[in-house]
Protein chains: 2
Amino acid sequence: MKVSKENQSIDIYTQTRNTNFDRFQGKHLLLELYGCNSDKLNDEIFLRCKIDNASKLARASVLNLVSNKFEPFGVTAIALLAESHLSIHTWPESQYAAIDIFTCGKNMLPNLASQFLIDQLEATNHILKIINRDYPTYIENQTRTVL
Amino acid sequence: MKVSKENQSIDIYTQTRNTNFDRFQGKHLLLELYGCNSDKLNDEIFLRCKIDNASKLARASVLNLVSNKFEPFGVTAIALLAESHLSIHTWPESQYAAIDIFTCGKNMLPNLASQFLIDQLEATNHILKIINRDYPTYIENQTRTVL
């Protein structure tokens, strides 16, 4: 997909407690998609499938996936990940979607998930904000175990 | 609860497309809690209850609530709201929780939910970042209907 000049990617490192960004593992991507395919934004099953695909691309493990269809338009779908969560809220009538990709862990690839969703929803424009979550340094090397 | 000098509240209006902030309705609170009560952070039922309470305080409608307990420590709980979502990820061993309160709508009170969770989890310090989601202006007055 062509990326217009309006598209933006913003790194926000405000007030982080970690000074070594290479070690930082709590990354939260806030993605706004504009000019999307309205039919896809209103298709609950399609969105559930794409959230699952995107999570796998990010190397995340989906533990639960919930969704809700609104009337007359709109869907919310949220994946509970072993590594935090991935959510999408859509307004098909406005061709707009608000997406969150919150991952923790050294080997996560949230940017791949982000680009995948931009492409799949056929967004003509987007804004991506990347927020570092202010984890205590001493939990950076801890991994989580699923029951 | 006493709020220490380390606690911070940051408004990030970067690159927003809306110039009239009073009309802005898509608000995303990113809350980091430190020094929390570890037992509470590891109590899945307690956290589900408090997320439900917090959602109601914010005037949100909980449509679904999912959670997962990790071993040996940690819980993730996410409420799917008619007005977006509220999530909490905890690391009891580090007395740390990462919370998201994403609400859309004119009458939402996400700050009440934020303060409630700070108090209930007995956080000694916190960082709150408030992010405006870049909704298209023309959806600002639209409400969502639950099926």
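## Helix packing in chain B

In this predicted model, helix α2 (residues 44-57) of chain B packs against helix α3 (residues 110-120) of chain B, with axes 8 Å apart and an angle of about 150°. An angle over 145° counts as roughly antiparallel, so that is the label α2(B) and α3(B) get. Their crossing is right-handed.

Who actually makes the contact? From α2(B) come B:Lys50, B:Asn53, B:Ala54, B:Ser55 and B:Leu57, and from α3(B) come B:Leu112, B:Ala113, B:Phe116, B:Leu117 and B:Gln120. Sorted by class, the contact of α2(B) with α3(B) has six nonpolar, three polar and one charged residues.

## Helix packing in chain A

Now for chain A. Where helix α2 (residues 44-57) of chain A meets α3(A), the axes come within 8 Å and cross at roughly 150°. With 145° as the cut-off to beat, α2(A) and α3(A) are therefore roughly antiparallel to each other, and the crossing of this pair is right-handed.

On the α2(A) side you'll find A:Lys50, A:Asn53, A:Ala54, A:Ser55 and A:Leu57, meeting A:Leu112, A:Ala113, A:Phe116, A:Leu117 and A:Gln120 of α3(A). The tally for the contact of α2(A) with α3(A) is six nonpolar, three polar and one charged.

## Chain A layout

How many helices and strands does chain A have? Three helices and eight strands. Walk along the sequence and the pattern of chain A reads β-β-α-α-β-β-β-β-α-β-β.

Chain A has 147 residues, and 46% of them count as buried. As for sequence range, take the contacts in chain A between residues at least 6 apart in sequence: 68% of those join residues at least 24 apart.

## The nonpolar core

In soluble globular proteins, nonpolar side chains tend to be buried together. Here, the largest nonpolar core has 78 residues, and the ones with the most contacts inside it are A:Leu33, A:Ala97, B:Leu33 and B:Ala97. Beyond its neighbours within four places in sequence, B:Leu33 touches B:Tyr96, B:Ala97, B:Ile99, B:Ile118, B:Leu121, B:Ala123 and B:His126.

## B:Leu31 on strand β2

B:Leu31 sits in strand β2 (residues 26-34) of chain B. Is B:Leu31 buried or exposed? The cut-off for buried is 20 or more other C-beta atoms within 10 Å; B:Leu31 has 24, so it is buried.

B:Leu31 also links up with distant parts of the sequence: B:Ile127 is 96 residues away along the chain, yet the two C-alpha atoms are 5.8 Å apart. Setting aside neighbours within four places in sequence, the contacts of B:Leu31 are B:Ile99, B:Ile101, B:Ser114, B:His126 and B:Leu128.

## A:Ser38 on helix α1

A:Ser38 belongs to helix α1 (residues 38-41) of chain A. Why does A:Ser38 count as partly exposed? Because it has 18 C-beta neighbours inside 10 Å, and partly exposed covers the range between 12 or fewer (exposed) and 20 or more (buried).

Past its neighbours within four places in sequence, A:Ser38 is in contact with A:Pro92 and A:Gln95. Measuring C-alpha to C-alpha, A:Ser38 and A:Ala58 are 25 Å apart, with their positions 20 residues apart in sequence.

## Backbone oddities

Most residues other than glycine have a negative phi, and most peptide bonds are trans. A few spots in this model go the other way. In chain A, the bond joining A:Glu71 and A:Pro72 is cis, with omega about 5°, and A:Pro72 is in the loop between β3 (62-71) and β4 (75-81). In chain B, B:Glu71 and B:Pro72 are also joined by a cis peptide bond, with omega about 0°; B:Pro72 is in the loop between β3 (62-71) and β4 (75-81) of chain B.

Then there's phi. A:Glu122 isn't a glycine, but its phi is positive, about 60°. Its home is the loop between α3 (110-120) and β7 (125-132) of chain A, and with 16 C-beta neighbours inside 10 Å, A:Glu122 counts as partly exposed. B:Glu122 has a positive phi of about 60° too, and is found in the loop between α3 and β7 (125-132) of chain B. With 16 other C-beta atoms within 10 Å, B:Glu122 is partly exposed.

Terms used: Residues are numbered from 1 along each chain as its sequence is written. Chains are lettered from A and ligands numbered from 1 in the order in which they are written. This is a predicted model: local features need pLDDT of at least 70, side-chain atom pairs count only at pLDDT 80 or more; totals for chains, interfaces and linings use all residues. Helices (H or I, at least four residues) and strands (E, at least two) are DSSP runs, numbered from the N terminus. Two residues are in contact if their C-beta atoms, placed from the backbone, lie within 7 Å. A nonpolar core is a set of buried Ala, Val, Leu, Ile, Met, Phe, Trp, Tyr and Cys residues joined through C-beta atoms within 7 Å. Axes are lines fitted to C-alpha atoms, for helices over the stretch in contact, and angles run from 0 to 180 degrees between N-to-C directions. Angles under 35 degrees count as roughly parallel, over 145 as roughly antiparallel, 65 to 115 as roughly perpendicular and the rest as oblique. A crossing is left-handed if the near helix is turned anticlockwise from the far one by less than a right angle, and right-handed if clockwise. Ala, Val, Leu, Ile, Met, Phe, Trp, Tyr, Cys and Pro count as nonpolar, Asp, Glu, Lys and Arg as charged, and the others, Gly among them, as polar.
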